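Here is a short guided look at one protein chain, written for someone meeting it for the first time. Take a moment with the sequence and the 3D view before reading on.

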Amino acid sequence: MESLNNEIPKHRKKKQSSTSKSSEKSKHKHEYKDVLLIHNDRPHWATVCKICGKIGDLHFFETEKTEDGLYRQLDFGEVFEKYKHLENIVIEDIWQKYVPIDN
C-alpha cells in the first residue's frame, strides 16, 4: 500500500497551451478603428487595430431594414456609398488575421 502512495505525483506537469500556438503576445492594448476591407472588388466593413493591423470585427453582409419590417442586403455600390468616409484597405485573403499598416 505504501508503494501506491509513492507513485501518485503531488503536482501536475504543466503542458503547452492547446488553444494558442502563438509564441509572441501583443505588447499593447488594441485600439480599433473602422475601415472598409476590399477583397475581389467586394467591400466589407471591419475594425482594424491602429497599432498592429489586427482585424477585429468583420461584417460580410450589410443589411438595412425595409418599410415592411424585413431586411434587405445592400449591393456593393450601396456599401461603398454608406462607408465612403472610411479608409479603404485592399486585402488578398478574406480569412487573414492582419492587414498592413502604414505608419
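The report below moves from the overall layout to the cores, a pocket and a few single residues.

## The chain as a whole

Welcome to a predicted model of a protein chain with two helices and six strands. If you follow the sequence from its start, these elements come in the order α-β-β-β-β-β-α-β. A run of five strands thus sits between the two helices in sequence, and a strand ends the pattern.

The protein chain has 103 residues, and 22% of them count as buried. Its accessible surface is about 9,200 Å², with carbon and sulfur atoms making up 49% of that area. Contacts also link parts of the chain that are well separated in sequence: among contacts with a separation of 6 or more, 44% join residues 24 or more positions apart.

## Two nonpolar cores

In soluble globular proteins, nonpolar side chains tend to be buried together. Which residues form the largest nonpolar core here? There are nine of them: V35, L37, A46, V48, I55, I89, I91, I94 and V99. Strands β1 (32-39) and β2 each contribute at least two residues to this core. A second core, separate from that one, has six residues, including W45, L74, V79 and L86.

I55 is a good member of the largest core to click on. Setting aside residues within four places in sequence, I55 is in contact with Y32, L37, T47, V48, Q96, K97, Y98 and V99. Of these partners, L37, V48 and V99 also belong to the largest core.

## The second largest pocket

Next, look for the second largest pocket, which has a volume of about 160 Å³. Its lining is made up of R42, P43, H44, W45, H59, F60, F61, E62, Q73, L74, F76 and V79. Two elements, β2 and α2 (76-82), each give two or more residues to this lining. Strand β2 gives the most, with four residues.

The pocket and the second core share some residues: W45, L74 and V79 appear in the lining and are also part of that core.

## Two buried residues in strand β2

H44, one of the residues lining the pocket, is found in strand β2. Is H44 buried or exposed? With a relative accessible area of 9%, H44 falls under the 20% cut-off and therefore counts as buried. A polar atom of the H44 side chain lies 3.5 Å from the backbone oxygen of F60. Beyond its neighbours up to four places away, H44 touches V35, L36, L37, H39, L58, H59, F60 and I94.

T47 also has its place in strand β2 (residues 42-49), and T47 is buried too, with a relative accessible area of 10%. What lies 2.8 Å from a polar atom of the side chain of T47? The backbone nitrogen of D57 does. Leaving out neighbours within four places in sequence, T47 is in contact with Y32, K33, D34, K54, I55, G56 and D57.

## An exposed residue after β6

For a contrast, turn to E92, in the segment after β6 (87-90). E92 has a relative accessible area of 76%, so this residue is exposed. The C-alpha atoms of E92 and N40 are separated by 7.8 Å, although the two residues are 52 residues apart along the chain.

Methods. Residues numbered from 1 in each chain as written. Predicted model: local features only at pLDDT ≥ 70, side-chain atom pairs only at ≥ 80, totals over all residues. Heavy atoms only, no water. Buried < 20%, exposed > 50% of the residue type's maximum accessible area, 1.4 Å probe, protein only. Contact = heavy atoms within 4.5 Å. Areas by Shrake-Rupley, 256 points an atom, 1.4 Å probe, with all protein chains shown as cover. Polar contact = N/O pair within 3.5 Å; in protein donor to acceptor, adjacent residues only side chain to side chain. Core = buried A, V, L, I, M, F, W, Y, C linked by side-chain atoms within 4.5 Å. 1 Å grid on protein atoms, 1.4 Å probe; cavity = no way out; pocket = protein on both sides within 12 Å on 5 of 7 lines; lining within 4 Å. Points joined across faces, edges and corners; volume = space filled by probe spheres on them.
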